[in-house]
Amino acid sequence: MRITICKDIREMTKKVAGEVAETIRGNPNIVLGLPTGSTPEELYKELVLLHKDQGLDFSRVITFNLDEYYGLPASHPQSYHTYMDQHLFGHININRKNVYIPDGMTKDIGDHCRLYEANIKRHGGIDLMLLGIGRDGHIAFNEPGSSLTSRTRIKTLAPETIEDNARFFKSKDEVPRYALTMGIGTIMEAKKIILMANGKNKAEALGLTVEGPITHMVAASILQMHNRVIIYTDEEAAAQLKHIPYYKHEEKSWLTTVEY
Ligand code: GLP
């Protein structure tokens, strides 16, 4: 695991966008895993700028979103379909045929989730998975207690998540209670993973993720078992990390390291 501590969210998302852009340039057919939430909004702004100013080409990129609220139609203003259109897809030259987002209105959840997994496999797996982190340590919508080998499925949202995401809805009561989400096992199969954390309300979750024991009560802690994970954090979210001097020291020799 590599940890890079940035001054603020701007520096962090600029660095991540640079890394994503370099990866796309190196492999125009890349398969990306994409998150939602307020942290990635900033990242998507940077990627849109790279597309507009430097011609970053998304025409062959394939994307799989991590999750979608169950019970929200794609057209709902707070669906992750709408979010992706507003923040990224509506501003870049992505081929809509290459975009996969779980259907929150699916009638057959089991079949839909199996097909989602099959589509990821058909495209050769996810090359680069981008993740945010929830206050309770969730990745995608894998709430505390999620099986560490879980696959794409329906999950009940935790009260903390409903509270946190209520800011996007008119009231807490409007936040869906369920989501379709890639599983932790699905996420762990990605060839490389970047997790972004910012703000002081993520400090506890990040501390436990990086330096705590691996436990399904902090889903992100499973990333300790992956050999190509980079955590990008701002100083506030890094506040509970105890080994910052080592992470900073190690960052200087990153180029010579193959596995993290
Ligand atoms: C939602 C998403 C997660 C995201 C989390 C944190 O719950 N399903 O993928 O990581 O929000 O989002 P934010 O960046 O808004 O704190």
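**The ligand shell and its pocket**

Student: What makes up the shell around the ligand, by class?

Tutor: The shell has 4 nonpolar, 7 polar and 3 charged residues, where Ala, Val, Leu, Ile, Met, Phe, Trp, Tyr, Cys and Pro count as nonpolar, Asp, Glu, Lys and Arg as charged, and the others, Gly among them, as polar. The model is predicted, with local features needing pLDDT of at least 70 and side-chain atom pairs pLDDT 80 or more, while totals for chains, interfaces and linings use all residues. Residues are numbered from 1 along each chain, and side-chain values use heavy atoms, without hydrogens and water.

Student: Which residues surrounding the ligand are the closest?

Tutor: Of the 14 residues around the ligand, the closest are Ser-38, Thr-39, Asp-67, His-138 and Lys-202; a residue is near a molecule if one of its heavy atoms lies within 4 Å of it.

Student: Why is the pair formed by the side chain of Thr-39 and the ligand called a polar contact?

Tutor: A polar contact is a pair of N or O atoms within 3.5 Å, and an N or O atom in the Thr-39 side chain is 2.7 Å from a ligand oxygen atom, so the pair qualifies. A polar side-chain atom of His-138 lies 2.9 Å from an oxygen atom of the ligand, and for Ile-133 a backbone N or O atom lies 3.2 Å from one.

Student: How much of the ligand does the protein bury?

Tutor: Taken alone, the ligand exposes 390 Å², of which the protein buries 94%, with areas from the Shrake-Rupley method and a 1.4 Å probe.

Conventions. Polar contact = N/O pair within 3.5 Å; in protein donor to acceptor, adjacent residues only side chain to side chain.
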